[in-house]
Amino acid sequence: MSQESTNTPPAAPEADDYLERRALRRGSAGWVLLTGLGVAYVVSGDYSGWNFGLAEGGFGGLAIAMVLMGTMYACMVFALAELSSILPTAGGGYGFARRALGPWGGFLTGTAILIEYVLAPAAIVIFIGDYVESLGLFGLESGWPVYLVCFAIFLGIHLWGVGEALRFSFVVTGIAVVALVVFALAALPDFSIGSLDDIPVDTSAAGSNSWLPFGLLGIWAAFPFGMWFFLGVEGVPLAAEETKEPARTLPKAIRWSMAILVVLAVVTFFAAAGARGSAAIQEAGNPLVEALQPDGEATTLSRIVNYAGLAGLVASFFSLIYAGSRQLFALSRAGYLPRFLSLTSRRKAPYLGLLVPGTIGFLLAAVSGNGARMLNIAVFGATISYALMSLSHIVLRRREPELERPYRTPGGVLTSSVALVLACAALVATFLVDVTAAVIALVVYGVAIAYFGLYSRRHLVARAPEEEFAALAAAEAELARD
């Protein structure tokens, strides 16, 4: 089968103004704002969620999982930095996989990313409701009215414009990051090495000890929670079409985002577990606050950290809405999903790409109320996309070594191969944590695959940037054969 028949779908006819009605505002963000965006995607994970991994692997198990997952993300973002310099479009991972793996690869990658970015905000808005209730803000209780207000306000800011949205996100993220530093300094006087491994040992588990109370298998089970320190940073390339000098800016922002997140992860993890003890925070909804309240009494500092935790949740919620809208926009513009979803407003915002997933997220939050399960579904989608994006880097390096690469991944395919292996291991680990969540994700994925196989793969838009990029590769391969 020729390269052309593998990678080039039937072209769907479009009106002359098709892309003009689907244009984003270009040049709205530099590397500083994009670095803030990368941190914003993730910062809520420092405030809550990761600590549940202590109940799966203990301090040692979660520490090893964090190192391995941090390695996976580091390797993957270096690969994404190269890929985003080659193809700086809103498609992000979908566009990379589209060129390397064909239409099916592009769709499978983009859909997995979309699952992550639709489910994660739905989960986080529930956590926002819990924080609002615990802080006693305006006497509100966690429930659908709070969720509705959150979606309405933050979707409204996104509809206003991308520049305004990213600046808002940057400010809120800055507050959350400063508060993490304050927390670490406040927890330092109470830090004790002996508090780290205080979870009772399960003597029946293979390889168990005080540092691995649930044995060697606990390390693997803690993988999804080790991911929460970094989950979402891969969304930076989705801002490519709204970025100044994307081939230079995106790699720089991706690298800086990851560096900041690694520091925050290590500081937060050790400070929280060492100040109060792993056993005390392993099931806490707000582990940092719990670490500052050994007697259960709120202090001025714990209240500040509590409010900052709310800011962190807002930053991630807000940024993930942005990422989901851009992935949906790109898939729709290229015809993989219904094309009307990629229409943009006068302010160049993909209004339906914001409103449709926002409505789905609100309904999921209001009906289910199970934030942990939705996050596990999001993690399942994320790990599939990580494996496919890493594979895309390997394939493009092998198949198109002469492709212009303004930025090159240190270590080349070895780096992306490490990310691929660890992503596959993390995907399997999701079944160890929540089989139901994994099955739900598979069902959603299956429905999407059926839609693509039966309909949309025959109605792709050849003029979409990601499709043109892939068609160019097919044409060059055909000329080389001739």
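Visitor: Leaving aside neighbours within four places in sequence, which residues is T35 in contact with?
Guide: The structure is a predicted model, numbered from 1 along each chain as the sequence is written; local features need pLDDT of at least 70, and side-chain atom pairs count only at pLDDT 80 or more. Totals for chains, interfaces and linings use all residues, while side-chain values use heavy atoms, with hydrogens and water left out. T35 is found in helix α2, residues 31-42 (a helix is a DSSP run of H or I, at least four residues, numbered from the N terminus). Outside the stretch of four places on either side, the residues in contact with T35 (heavy atoms within 4.5 Å) are A253, W256, S257 and I260.

Visitor: Is T35 buried or exposed?
Guide: The classes rest on relative accessible area: buried is under 20%, exposed is over 50%, and partly exposed is in between (1.4 Å probe, protein chains only). T35 has a value of 7%, so T35 is buried.

Visitor: Which class does V262 fall into?
Guide: V262 has its place in helix α11. Its relative accessibility is 35%, and therefore V262 counts as partly exposed.

Visitor: How many salt bridges are there?
Guide: A salt bridge is a side-chain nitrogen of Lys or Arg within 4 Å of a carboxyl oxygen of Asp or Glu. By this rule the number of salt bridges comes to 6.

Visitor: How far apart are the closest N and O atoms of E245 and R248?
Guide: E245 has a relative accessibility of 52%, so this residue counts as exposed. R248 has a relative accessible area of 46% and is therefore partly exposed. The two residues form a salt bridge, and the separation of their closest N and O atoms is 3.1 Å.

Visitor: R276 and E290 meet in a salt bridge; how many residues apart in sequence are the parts that the pair ties together?
Guide: From N to O, the salt bridge between the side chains of R276 and E290 spans 3.0 Å. R276 lies in helix α11 and E290 in helix α13 (residues 287-291), so the pair ties together parts whose separation in sequence is 14 residues.

Visitor: Which class holds R276, and which holds E290?
Guide: R276 has a relative accessibility of 24%, so R276 belongs to the partly exposed class. E290 stands at 25%, and therefore E290 also counts as partly exposed.

Visitor: Where does D434, the partner of R373, lie?
Guide: R373 forms a salt bridge with D434, and their closest N and O atoms are 3.2 Å apart. R373 lies in helix α16 (residues 371-399), and the pair ties together parts that are 61 residues apart in sequence because D434 lies in the loop between α17 (413-433) and α18 (435-454).

Visitor: Is D434 buried or exposed?
Guide: Its partner R373 has 30% relative accessibility and so counts as partly exposed. D434 has 12% relative accessibility, so D434 counts as buried.

Visitor: Which residues are joined into one network by salt bridges that share partners?
Guide: A network here consists of salt bridges linked through the partners they share. The residues joined in this way are E82, R397 and R405.

How values were computed:
Helices (H or I, at least four residues) and strands (E, at least two) are DSSP runs, numbered from the N terminus.
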